[in-house]
Amino acid sequence: MSEENSAVRDRAETRAARARMQAEAAAGAWSDLEKANRHRDENMARLRAMRLRKEAEEAEAALAAPVRKVRKR
């Protein structure tokens, strides 16, 4: 009887260890995903700021440029 209890206990411990390892792997995967998302968001914000700065400079340059009159022929 004790051998049977020992085998049951061993299987339960094995299942618990496997579940613990899967939980740790899942936590690591979520951590990696969050890190990738944070990196993507930071990069998008940086690129957006660069684009807006460029558009503002172009608009400012267009306003500062002299207006040429077009003559009709």
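Here is a walk through the structure, from its overall outline down to single side chains.

First, some ground rules: the model is predicted, so local features need pLDDT of at least 70 and side-chain atom pairs count only at pLDDT 80 or more, while totals for chains, interfaces and linings use all residues. Residues are numbered from 1 along each chain as its sequence is written, and side-chain values use heavy atoms, with hydrogens and water left out.

Let's start with the outline. The protein has one helix and zero strands. Both kinds of element are DSSP runs, numbered from the N terminus: H or I over at least four residues for a helix, E over at least two for a strand. Helix H1 covers residues 2-64. Along the principal axes, the C-alpha atoms fill a box of roughly 110 × 25 × 5 Å. The radius of gyration tells a similar story: the protein has 32 Å, where a compact globule of 73 residues would come in near 11 Å. That radius is taken over C-alpha atoms, and the globule rule is 2.2 Å times the number of residues to the power 0.38.

How much of the protein counts as buried? Of its 73 residues, 0% do. Buried here means under 20% relative accessible area, exposed means over 50%, and partly exposed is in between, using a 1.4 Å probe and protein chains only. The accessible surface adds up to about 7,400 Å², and 55% of that belongs to carbon and sulfur atoms. These areas come from the Shrake-Rupley method with a 1.4 Å probe, and for residues only the protein chains shown count as cover.

Now for the charges. The protein carries 18 positive and 13 negative charges, and their mean positions are 18 Å apart. Lys and Arg count as positive, Asp and Glu as negative, with His and the chain ends not counted. Each charge is placed at NZ of Lys, CZ of Arg, CG of Asp or CD of Glu.

Which of these side chains pair up? A search of the whole structure turns up three salt bridges, each one a side-chain nitrogen of Lys or Arg within 4 Å of a carboxyl oxygen of Asp or Glu. One joins Asp 41 and Arg 40, at 3.0 Å from N to O. Asp 41 is partly exposed at 41% relative accessibility, and Arg 40 is partly exposed at 43%.

Another salt bridge links Glu 55 with Arg 51, whose closest N and O atoms are 3.5 Å apart. Why can these two meet? They sit four residues apart in helix H1, so about one helical turn separates Glu 55 from Arg 51. Glu 55 is partly exposed at 41%, and so is Arg 51 at 42%. Glu 58 and Lys 54 form a salt bridge too, at 3.9 Å from N to O. This pair also lies in helix H1, four residues apart, or about one turn. Glu 58 has a relative accessible area of 45%, which makes it partly exposed.

Thr 14 is another residue in helix H1. Its side chain reaches the backbone oxygen of Asp 10 at 2.8 Å. That is a polar contact: a pair of N or O atoms within 3.5 Å, where within protein one must be able to donate a hydrogen and the other to accept it, and residues adjacent in sequence count only if both atoms are side-chain atoms. Thr 14 is partly exposed, at 42%.

Finally, a few distances give a feel for the layout. Thr 14 and Met 50 are 36 residues apart in sequence and 54 Å apart from C-alpha to C-alpha. Ala 56, in helix H1, has its C-alpha atom 42 Å from that of Gly 28, with their positions 28 residues apart along the chain. Pro 66 lies in the segment after H1 and is exposed, at 73% relative accessibility. From Pro 66 to Asp 41 the C-alpha distance is 40 Å, for a separation of 25 residues in sequence.
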